[in-house]
Amino acid sequence: MDFNENKPIYMQIADAIMDGVLSGDYPLDGRLPSVREYASKVEVNANTVMRSYDWLQQQMVIYNKRGIGFFVMPHARKRILEMRRNIFFHDEADYFFSRLHSFGLRPQDVAELYSTYLEKKKAYGN
């Protein structure tokens with residue numbers, strides 16, 4: 001896994017796991033790789049992965065069955081989307097909209113661009 005320097009590694013791992021839940025790589029109520037397995041896969045210290053799993057557990061995305069491992073919560077997809085929407089609207093939207101404004105885009109321009117984007121995604125089956 002390639003990490004960037006702008007965000008803590010444990011958060012990047014948590015994001016990757018949440019992406020896996022959203023994509024279906026980690027099914028709801030499915031077991032996640034063990035901490036050691038995941039650490040080996042992404043080539044980080046097991047303590048870093050454990051920190052990611054702890055954070056995801058605090059966010060109610062995963063849960064631990066003692067002695068068995070970590071599992072994806074049944075409502076994890078809904079929780080992840082809720083968390084990401086909140087982050088976008090509280091932390092990123094102002095910057096996003098300021099950029100659109102600086103480009104001189106009108107709301108109808110943005111709506112048209114977004115419609116075109118959705119049509120492309122639909123055409124490619126995404």
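Let's start where helix 1 meets helix 3: their crossing is right-handed. Keep in mind that this is a predicted model. Two packed helices are described by the angle between their axes and the distance between the axes. For helix 1 and helix 3, the angle comes out at about 60° and the axes are 8 Å apart. That makes helix 1 oblique to helix 3, because the roughly perpendicular range only begins at 65 degrees.

Who does the touching here? On the helix 1 side you'll find I9, Y10, M11, I13, A14, I17 and M18, and across from them in helix 3 sit T48, V49, R51, S52, Y53, W55 and L56. Sort those residues by class and you get 11 nonpolar, 2 polar and 1 charged.

Now stay with helix 1, which covers residues 9-23, and turn to helix 4, residues 76-102. This pair packs at an angle of about 125°, with 9 Å between the axes. So helix 1 is oblique to helix 4 as well. The crossing of helix 1 and helix 4 is left-handed. From helix 1 the contact takes D15, M18, D19, V21 and L22, while helix 4 brings A76, R77, I80, L81, M83 and R84. By class, this contact holds 7 nonpolar and 4 charged residues, with no polar ones. M18 of helix 1 is worth a second look, since M18 is listed in the contact with helix 3 and again in the contact with helix 4.

Next comes helix 2 (residues 35-42) against helix 3 (residues 46-58). Their axes come within 8 Å and cross at roughly 115°, and helix 2 passes helix 3 in a right-handed crossing. V35, Y38 and A39 from helix 2 meet A46, V49, M50 and Y53 from helix 3. The tally for this contact is 7 nonpolar, no polar and no charged residues. Two names come back from earlier: V49 and Y53 in helix 3 touch helix 2, and V49 and Y53 are also in the list for helix 1.

That leaves the empty space. Rolling a probe the size of a water molecule over the atoms shows where such space is left. In this model, the largest pocket holds about 170 Å³. Which residues line the largest pocket? They are K7, M11, D15, M18, W55, M83, R84, I87 and E92. Helix 4 gives the largest share of that lining, 4 residues, and helix 1 and helix 4 each supply at least two. The lining splits into 5 nonpolar and 4 charged residues, with no polar ones. Several lining residues are familiar by now: D15, M18, M83 and R84 belong to the contact of helix 1 with helix 4, and M11 and W55 to the contact of helix 1 with helix 3.

Technical notes: Residues numbered from 1 in each chain as written. Predicted model: local features only at pLDDT ≥ 70, side-chain atom pairs only at ≥ 80, totals over all residues. Heavy atoms only, no water. Axes fitted to C-alpha atoms, helices over the stretch in contact; angles between N-to-C directions. Parallel < 35°, antiparallel > 145°, perpendicular 65-115°, else oblique. Left-handed = near helix turned anticlockwise from the far one by under 90°. Contact = heavy atoms within 4.5 Å. Nonpolar A, V, L, I, M, F, W, Y, C, P; charged D, E, K, R; others polar. 1 Å grid on protein atoms, 1.4 Å probe; cavity = no way out; pocket = protein on both sides within 12 Å on 5 of 7 lines; lining within 4 Å. Points joined across faces, edges and corners; volume = space filled by probe spheres on them.
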